[in-house]
Structures are given as C-alpha cells and as structure tokens.
Amino acid sequence: LLLSLTPCVFPMIPILSSLIVGQKHPSTSRAFVLSMAYVLAMALTYTVVGVVAGMMGANLQAIFQKPWIIISFSVVFVLLALSMFGYYELQLPAQWQNKLSSISNNQKGGSLLGVAVMGFLSALIVGPCVAPPLAAAVIYISTEQSGAVLGGLALFAMSMGMGVPLIAIGTSAGKWMPSSGGWMNVVKAFFGIALLGMAIWFLSRIIDDNVVLYLWAVLVICSAFMWSAYAKESGLSGVWSSLFDAIKIIGLLFGAAQLVGAMAGGTDPIKPLKGVFSMGSNTAVKKLKFTKIKSLAELESALKDSDKPVYFDFYADWCTECKRMEATTFQDAELVALSGSMTLLKADVTANDAVDEEL
C-alpha cells in the first residue's frame, strides 16, 4: 500500500485511467474488470520474480550463511536506502525504458489484453521507487527457507497491495486522483529507513546482540531527526508538521531507551530497558541443557548410549529463529521440566563445513 504512494507509481494512475477512458462511457463494473486485469498482470510479473527467488533460496542456503555474503547483503540494503533518499536513481537503462514505453503506447485502450500488457510493462517501467523494496524482498526471500510458493505469494501480496489504490481509482474511471507533491518523497524516505533497518537485521546474524542494539539506537535517533526534517523540507505543514514533531519526540525517547539498554548490556530492541532497573537480581534463568555434538559419528554414539527419547536440535549463529528459540522456547518452564525425561542433543552448524553437511 505504501509503495502505491511513491512518485514512480503515481504516473501509473493516469496511464490506467486513460486506458479505461479509452472505452466510451465505461460502466463501473467494466472499469473494475479492466483495473483488475491491469493490477493482476503487474502482480504476475512480481510473482514470477518471487517464485524464482524462492527456488534459488532453497538451493543456495549454504552460500547465504557465509559472513561475507551477509555483510554484502547489508551493504546492498544501505545502497538501496540511499537510492530511496534521492542520492541516485535505480532503474532500467534509458534505452530499455524507451523501448518498453513505445510498446506500451501501442496498446489499445479499453481492451482486456491491452490493459493486461500495459500492467505487465508498467511493472518493468516503474523503476526507481519500487526497485529497492523489490530487491529487498527478493533478497529476504532467497535467504529464508520459504520455497517457491511462499516466495511467489510474498511478491504477489506486495504487488496487490501496491495495486489496491489503482483498482479504486481505475474503477472510478479516473474521476478522482490525489494531488502529487512533496509528501511522496516522505514516503520514499520511510522506505529508506526501513531498508537501513533490514541491513541491521541481516547483520544481527553474525555480530553480537549488544552491538546490534547500539545500531538500532543510532538508526532510531537519526531517523527521528531526519524524517521530521525531510517532511518539513518537502512542504508538509499544519497538522502534518505537528504529527512529524510528535514522531520525532517519540523516536528520540525510544532511541535513548535503546541506547541506555545497550550501555547496560541489553540485547532486546523492543524492550531495551528490561532488566536495567532490576537492582541486580540474582535469579538464575532455567533453560534446557543440551549435549553438544559435531559429527554424524558422535550422533550415532549418543543415540546408542541413550535409553530415553532424543530431542536433536540444529543451531547456527546466522539462524534468527534459532536465537529466538534459545531466548524463549528453551527457557519455558514446562519444557525444562519435561526435558528431564529426554536426551537433549545440539549440533552447531554455523561453519557449514564438510562434517556439518554430512550430519
């Protein structure tokens, strides 16, 4: 939905409206069908990208675990963020855009096929604003074990959200349109901040959680200042100006809390002050106690020696879900009690070496 408010998606509104108006006095139902064809064709383009990313992700898990790959992805997110802040534009080469535009201009307005082709081409032409979030989504899908189905559904959901306002405006046959203005750049800046957050999220797989909290604090505090200033520079005033002033204050307070939490050794960006004012409580946290193994031979030996049911856990430093389970699931009181009647084994496959692969 937010992508539909960016400057590059905005030109699609008059394009779609002109295609619909290509028919003489189109009915509301006909306008809706044409708008849906346009958006579905656009969504199909992104869905194919998501499916491919999901299929690649299933086969490239081992590669994406390497620290240098994760760092590279984080750098890509920073570069994408700079694009959203307007430092440069990320788009198809001008020659390709001109070719696609000439093809789209020859499409017959009002026909389902013509509108669908235009929707497909619009997904390719839309360029600078959608490319960074799309690239971010593709990178995310390819590094998760989501598979082709979830990959396709994720990109389909993104593109359909982007198309909802197009459907609404197209159904009205272009009778109402929001006016363009500086507010669109404010939306782009929001995406830039989100992409910087994704960079930190990726780095959290390979760096200390306390350092990650420092990074979140810096991002929140800097964003509080920058986004508010960006909004005023873009001409937003009155109630909107007051709203961004409030966002700045809230951001500064929350960022300061994260900074204090990080200085106290905290790691939780959502509850940064948790434990800071506990007056040094000595209550030990009970959690599952695993026996660590490395190789397949060690696993077989442990299984042979155990006369209890075995729970076998795979762990890796780059696995965000593993870290979540360490902090929550494996500290659950019921599970800790239950674990006494089980043999708990854990393999750390962070290195993903030959021994890990055999296991």
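Two aromatic rings of Phe, Tyr or Trp (for Trp, the six-membered ring) count as a pair if their centres lie within 6.5 Å. Keep that in mind as you look at this structure, which is a predicted model.

## Aromatic rings

A search of the whole structure turns up 8 aromatic pairs. Let's look at a couple of them. In one, the rings of Phe 190 and Trp 227 have centres 5.7 Å apart and planes at 40 degrees. Is that pair stacked, edge-to-face or tilted? Planes under 30 degrees apart count as stacked and over 60 as edge-to-face, with the rest being tilted, so Phe 190 and Trp 227 make a tilted pair.

Where do these two rings sit? Phe 190 is in helix α9, while Trp 227 is in helix α10 (residues 209-233), so the pair ties together parts that are 37 residues apart in sequence. Phe 190 is partly exposed, with 33% relative accessibility. Trp 227 comes in at 17%, and because buried means under 20%, Trp 227 counts as buried.

Another tilted pair is made by Phe 312 and Phe 314, at 4.8 Å centre to centre and with 55 degrees between the planes. Phe 312 is partly exposed at 26% relative accessibility, and Phe 314 is partly exposed too, at 37%.

There is also an aromatic cluster, formed by Phe 77, Trp 201 and Phe 202. Phe 202 has a second story to tell: its C-alpha atom is 10.0 Å from that of Val 75, although these two residues are 127 apart along the chain. Val 75 belongs to helix α4 (residues 67-84) and is partly exposed, at 46% relative accessibility.

## The nonpolar core

In soluble globular proteins, nonpolar side chains tend to be buried together. Here, the largest nonpolar core has 58 residues, and the ones with the most contacts inside it are Tyr 38, Met 42, Phe 77 and Leu 166. Which helix gives the most to this core? That would be helix α9 (residues 183-203), with 8 residues.

Take Met 42 as an example. Leaving aside residues up to four places away in sequence, Met 42 touches Met 12, Gly 119, Phe 120, Ala 123, Ser 159, Met 162, Gly 163 and Leu 166.

## A small sheet

Now for the strands. Three of them form an open sheet in the order β1-β3-β2, with parallel pairing. The edge strands are β1 (291-293) and β2 (310-315), each of which pairs on one side only. From one strand to the next, the twist averages 30 degrees. Helix α12 (residues 296-305) packs on this sheet and touches β1, β2 and β3, with its direction at about 140 degrees to that of β1.

How many bridges join β1 to β3? There are 3, and these strands run parallel. Within this pairing, Thr 291 has Leu 345 as its bridge partner, and Ile 293 stands opposite Ala 347. On the other side, 6 bridges join β2 to β3, again running parallel. Here Tyr 311 has Leu 344 as its bridge partner. Strand β3 is mostly covered, with 5 of its 6 residues buried.

## Salt bridges

The structure holds 4 salt bridges. Here are some of them, with the distance between N and O atoms:

| Acidic residue | Lysine | N to O distance |
|---|---|---|
| Asp 353 | Lys 294 | 3.2 Å |
| Asp 356 | Lys 294 | 2.9 Å |
| Asp 313 | Lys 346 | 2.6 Å |

The Lys 346 and Asp 313 pair links strand β3 to strand β2, and these residues are 33 apart in the chain. Are they buried or exposed? Both Lys 346 and Asp 313 are buried.

Lys 294 shows up twice in the table, and salt bridges that share partners join Lys 294, Asp 353 and Asp 356 into one network. Lys 294 sits in the loop between β1 and α12, while Asp 353 is in the loop between β3 and α15 (354-358), 59 residues apart. Asp 356 is in helix α15 itself, 62 residues from Lys 294. How well covered are the three? Lys 294 is partly exposed, with a relative accessible area of 31%, and Asp 353 is partly exposed at 29%. Asp 356, by contrast, is buried, with a relative accessible area of 5%.

Terms used:
Residues numbered from 1 in each chain as written. Predicted model: local features only at pLDDT ≥ 70, side-chain atom pairs only at ≥ 80, totals over all residues. Heavy atoms only, no water. Pairing = 2+ DSSP bridges. Helix = DSSP H or I, 4+ residues; strand = E, 2+ residues; numbered from the N terminus. Axes fitted to C-alpha atoms, helices over the stretch in contact; angles between N-to-C directions. Contact = heavy atoms within 4.5 Å. Salt bridge = Lys/Arg side-chain N within 4 Å of Asp/Glu carboxyl O. Buried < 20%, exposed > 50% of the residue type's maximum accessible area, 1.4 Å probe, protein only. Core = buried A, V, L, I, M, F, W, Y, C linked by side-chain atoms within 4.5 Å.
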